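Hi,

Here is the structure I promised to pass on to you. Have a look at it first, and then read my notes below.

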Amino acid sequence: MVGHVDPYAELRNPPRAEQTMGMPVAKNRYWTVEDVWALPDTPGVRYEAIDGELFVTPAPSLLHQRAVRTITEQLQAYARQEGVGEVFSAPIDVVLDDGTIVQPDVLAFPVMSVDAMRASARERRLPLLAVEVLSHSTARYDRIVKRPRIQRSGFELWIVDLDGQVIERWAPTAERPEVCVASISWQLPGAVSTLMIDLESLFITILADS
């Protein structure tokens with residue numbers, strides 16, 4: 001699940017994930033990016049802030065991570081082929097404003113210099129594409145809270161639904177998603193070709209027994 005939390009950063013020992021999830025809402029507090037960065041590092045827990053409200057999510061399942069890896073590999077192979085982009089998987093901070101910091105599962109950026117890669121999240125340019133793989137515990141948060149905030153920032157978002165075996169494609173100004181069932185295409189700015197992902201093959205790869 002996703003929780004609204006007050007993790008009490010002054011505590012000397014980082015709280016366990018299940019304790020963090022159960023802490024009360026921080027009333028009348030606006031969480032800044034620096035506040036989030038100051039929280040105790042808790043393995044397997046992801047902290048994000050949306051418009052000054054703090055959220056925490058637990059470590060994802062192995063199936064979720066397989067999906068993230070598979071999608072990252074396909075996007076990265078295309079970006080390398082075209083030579084105009086870089087693709088990364090979480091955890092990578094994306095700072096949208098002073099009170100909003102998110103960590104989408106997969107991010108595609110234009111090609112960056114080494115100096116740009118060393119830059120802080122506040123200095124880094126925004127991604128071209130973000131991908132979120134839904135988990136049962138985070139689906140509502142990803143769709144209702146995180147999705148519209150990412151849209152307002154002006155880059156495309158894919159929401160990958162493993163149960164429905166579809167990808168919801170959200171353009172920055174869209175009120176409704178394009179629900180991709182058979183395939184999804186995407187082109188990096190400056191690329192010669194367009195990436196076409198066959199979704200039946202993608203989900204077979206992700207959902208196949210080992």
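What follows is a quick tour of what turned up, from the whole chain down to single residues.

One thing to keep in mind from the start: this is a predicted model.

**The chain as a whole**

The protein chain has six helices and 13 strands. Of its 210 residues, 50% are buried. If you take the contacts with a separation of 6 or more, 58% of them are between residues 24 or more positions apart. As for the outside, the chain exposes about 10,900 Å², and carbon and sulfur atoms supply 51% of that area.

**Helix H6**

I'd start with H6, which covers residues 199-207. Which of its residues are buried? They are Leu199, Leu202, Phe203 and Ile206. These four sit on the same side of H6, because they cover an arc of only 90° around the axis. On the face turned away from that buried side you'll find the exposed residues Glu200 and Ile204.

So what do the buried residues of H6 pack against? One partner is another helix, H3 (62-82). The others are strands: E9 (156-161), E10 (166-170), E11 (178-180), E12 (183-186) and E13 (195-198). The N-terminal end of H6 is capped by Asp198, which has a side-chain oxygen 3.4 Å from the backbone nitrogen of Glu200.

**Pocket and cavity**

Next, the empty space. The largest pocket holds about 660 Å³. It is lined by 35 residues, and the closest to its centre are Val45, Arg46, Thr57, Pro91 and Gln103. Several elements give two or more residues to this lining: helix H2 (33-37), strand E2 (46-50), H3, strand E8 (129-133) and helix H5 (139-152). Which of them gives the most? That is H3, with four residues. So H3 turns up twice in this tour, since the buried residues of H6 also pack against H3.

There is also one cavity of 30 Å³ or more. The largest cavity has a volume of about 30 Å³. Its lining is made up of Asp93, Val94, Val95, Phe109, Ala121, Arg124, Arg125, Leu126 and Pro127.

**Two residues to click on**

His64 is a good place to zoom in, and it belongs to helix H3. Is His64 buried or exposed? It counts as buried because its relative accessibility is 4%, and the cut-off for buried is under 20%. The His64 side chain makes a polar contact with the side chain of Gln65, at 3.0 Å. Leaving aside neighbours within four places in sequence, His64 is in contact with Asp105, Val133, Leu134 and Ser135.

The other one is Pro110, in strand E7 (residues 106-110). Pro110 is buried too, with a relative accessible area of 13%. Not counting residues up to four places away in sequence, Pro110 touches Val84, Gly85, Glu86, Arg125 and Leu128. One of these, Arg125, is also part of the lining of the largest cavity. Pro110 and Pro189 make a nice pair to look up as well: they are 79 residues apart in sequence, yet 7.9 Å apart in space, C-alpha to C-alpha.

That's the tour. Happy looking!

Best wishes

Note on methods:
Residues numbered from 1 in each chain as written. Predicted model: local features only at pLDDT ≥ 70, side-chain atom pairs only at ≥ 80, totals over all residues. Heavy atoms only, no water. Buried < 20%, exposed > 50% of the residue type's maximum accessible area, 1.4 Å probe, protein only. Arc of directions from axis to C-beta. Contact = heavy atoms within 4.5 Å. Polar contact = N/O pair within 3.5 Å; in protein donor to acceptor, adjacent residues only side chain to side chain. Areas by Shrake-Rupley, 256 points an atom, 1.4 Å probe, with all protein chains shown as cover. 1 Å grid on protein atoms, 1.4 Å probe; cavity = no way out; pocket = protein on both sides within 12 Å on 5 of 7 lines; lining within 4 Å. Points joined across faces, edges and corners; volume = space filled by probe spheres on them.
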